[in-house]
Amino acid sequence: PEHRLMLAVLEDAVHAHLRCHDARTTRDFRLFHETADWFASDATDSPFAFETICQVWSLDPDYIRSGLARWHARRDTRALPLPFR
């Protein structure tokens with residue numbers, strides 16, 4: 001159950017980061033920068049740190065970071081919002 005919670009935290013962070021990229025409110029602006037800082041961090045001192053979650057799920061953190069950067073770089077402004085389940 002803890003691992004599934006960690007995955008849910010990662011999923012929520014990705015969704016918030018992508019959704020808030022074009023922040024129009026102070027809350028969305030803050031959320032975008034908080035998630036950007038979380039993704040950029042190399043900390044492993046918390047079970048919910050980005051690097052820790054990647055280690056638990058055998059994910060490459062740099063691959064995720066570069067994927068987010070690529071999404072932002074080539075995102076079509078006419079694209080529909082990212083769906084969230």
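Here are some questions and answers about how the helices pack in this predicted model.

Reader: At what angle do the axes of helix α2 and helix α4 cross?
Author: Let's start by finding the two helices: α2 covers residues 26–40 and α4 covers residues 61–74. Their crossing is left-handed. The two axes come within 10 Å, and the angle at which they cross is roughly 140 degrees.

Reader: How many residues of the contact of α2 with α4 are nonpolar?
Author: From α2, the contact uses Phe 32, Phe 39 and Ala 40. From α4 come Ile 64, Arg 65, Leu 68 and His 72. Among these residues 1 is polar and 1 is charged, and the number of nonpolar ones is 5.

Reader: How far apart are the end C-alpha atoms of α4, and why does that agree with what a helix should span?
Author: Helix α4 has 14 residues. At 1.5 Å a residue, these should span 20 Å, so the model agrees, with its end C-alpha atoms apart by 20 Å.

Reader: Which residues of α4 are buried, and which on the other side are exposed?
Author: Good thing to look for in the structure! The buried ones are Pro 61, Ile 64, Arg 65, Leu 68 and His 72. They cover an arc of only 100 degrees around the axis, so they sit on the same side of α4. On the other side, the exposed residues are Asp 62, Tyr 63, Ala 73 and Arg 74.

Reader: Which helices do the buried residues of α1 pack against?
Author: In α1, the buried residues are Met 6, Leu 10, Ala 13, His 15, Ala 16, His 17 and Leu 18. These buried residues pack against α2, α3 and α4.

Note on methods. Residues numbered from 1 in each chain as written. Predicted model: local features only at pLDDT ≥ 70, side-chain atom pairs only at ≥ 80, totals over all residues. Heavy atoms only, no water. Axes fitted to C-alpha atoms, helices over the stretch in contact; angles between N-to-C directions. Helix = DSSP H or I, 4+ residues; strand = E, 2+ residues; numbered from the N terminus. Left-handed = near helix turned anticlockwise from the far one by under 90°. Contact = heavy atoms within 4.5 Å. Nonpolar A, V, L, I, M, F, W, Y, C, P; charged D, E, K, R; others polar. Expected span 1.5 Å × (residues − 1). Buried < 20%, exposed > 50% of the residue type's maximum accessible area, 1.4 Å probe, protein only. Arc of directions from axis to C-beta.
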